[in-house]
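Colleague: I should be grateful for a close look at one part of this model, with the terms explained as they arise.

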Amino acid sequence: MNIKRFGLLFAGLLLAVSAFAAEKWTGTWATAPEYTGKGDMPQTMTLTGNSLRQVIHVSLGGEELRLKLTNEFSDEPVEIRSVYIADAGEGEKINPKTVKYLKFEGKESVTIAPREAVYSDAVKYDLKPLQLLSITINYGEQTPEHATSHRGSRTTSYIMEGMSKPKKNFVAGEKLEHWYNISALEVMADGDECIAVIGNSITDGRGTTNNLQNRWTDVCAEALDGKVGVLNLGIGGNCVLHGGLSEPAVKRFDRDIMGQNGLTGIVIYEGINDIGGSRNVEKTTADLIEAYTSFIDKARAKGLKVYGATISQLGNTNYWSYFHEAARQAVNEWIRTCGKFDGVIDFDAVLADPANPLRMNPDYQFDWLHPNPAGYKAMGEAASKVMYPEIVNKTQP
């Protein structure tokens, strides 16, 4: 072989290796797992021996994907006979021509031990950006008394008696607004950006419209034209420091945010429940800033961008007092001026009532604490412009 031909061959191999090395598992959808109390378990049916169909709204597309299933908040194993995915149709319907069964170490069945999570094997699938994907789980005879779930799915899940087959009608015996056992979907991506958001019910989507996928993170993903992974790790009623519902952010941050694959950045948008429920607002203010700083440091250590979002209004809510408002203003001032963020998403300014900025704009409010769909739309569009103005500018006419 002559030197010139060898050089061309070597260069080609180098490019191929570089392209392969650039590909990595990257999140296109995720949700924060939680302990499931009795009130959030199925009420008229059980998961045991039955099938569950759930719908998710992805951000990135891809040709190869894998699903993460979790049993992290359960004390008993969960037995799964099979899992298949498909393009979602209306309600519980799917496009059967798109069905792919997932495997786990080469097998269709898997048993997830207590306090554990598993990934499926990689599967080829034509996943389109921003599409709705249906995930059907056929459960075995052993399921936990308290499943691992995400309570605020904002999408309807469907339970059918017995085993589900892709080409047969899925007859729902019970419908719920919870996700069970699913926690992340990843695609094999080549250099795509991916942002994970730590948040509470305003990120989780309280006040949105079930099944319309209009949380602010969904709006953000749409505004970014499906070119960025946007992962919503909000939990309703959650706090940063302590109290609230589910594990506080200081405890779950490493798992729910830093545990996501393919991350290039994070958004910190949480603290209103800490402030609203505080009996010592000065200490809460200082502790929140300390917690935010620790989140920033952890993200920076992994080379991630960090965006801070200001806390929205307390006016006309049970959280309001002059002292609690002063704490909110102090935290927001720190977020805006500390210089630790790559960008500030000023949700306080976006949602404020022009006539009274201490309360939410009446056109944007659902219950004065949470926005309505119009408010979430404004939030998502504002966030996309701060994080990726170059993408937004290209997609806008």
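Modeller: The following account concerns one loop residue and its surroundings, and then turns briefly to the cysteines.

This is a predicted model, in which local features need pLDDT of at least 70 and side-chain atom pairs count only at pLDDT 80 or more, while totals for chains, interfaces and linings use all residues. Residues are numbered from 1 along each chain as its sequence is written, and side-chain values use heavy atoms, with hydrogens and water left out.

Glu76 is located in the loop that joins strand E4 (62–70) to strand E5 (78–87); strands (E, at least two residues) are DSSP runs, numbered from the N terminus. Glu76 is partly exposed, at a relative accessible area of 29%, where partly exposed lies between buried (under 20%) and exposed (over 50%), with a 1.4 Å probe and protein chains only. Not counting residues up to four places away in sequence, Glu76 touches Asn71, Pro114, Pro144, Glu145 and His146; such a contact means heavy atoms within 4.5 Å. With Glu145 there is a further detail: the side chain of Glu76 reaches the backbone nitrogen of Glu145 at 3.0 Å. The C-alpha atoms of Glu76 and Ala147 are 8.8 Å apart, although 71 residues separate the two along the chain.

As for the cysteines, the structure holds zero disulfides, a disulfide being a pair of cysteine sulfur atoms within 2.5 Å. Cys220 forms no such bond because its sulfur is 12 Å from the closest cysteine sulfur, that of Cys194. Cys220 is buried, with a relative accessible area of 0%, whereas Cys338 is partly exposed, at 22%.

Conventions: Helices (H or I, at least four residues) and strands (E, at least two) are DSSP runs, numbered from the N terminus. A polar contact is a pair of N or O atoms within 3.5 Å; within protein, one must be able to donate a hydrogen and the other to accept it, and residues adjacent in sequence count only if both atoms are side-chain atoms.
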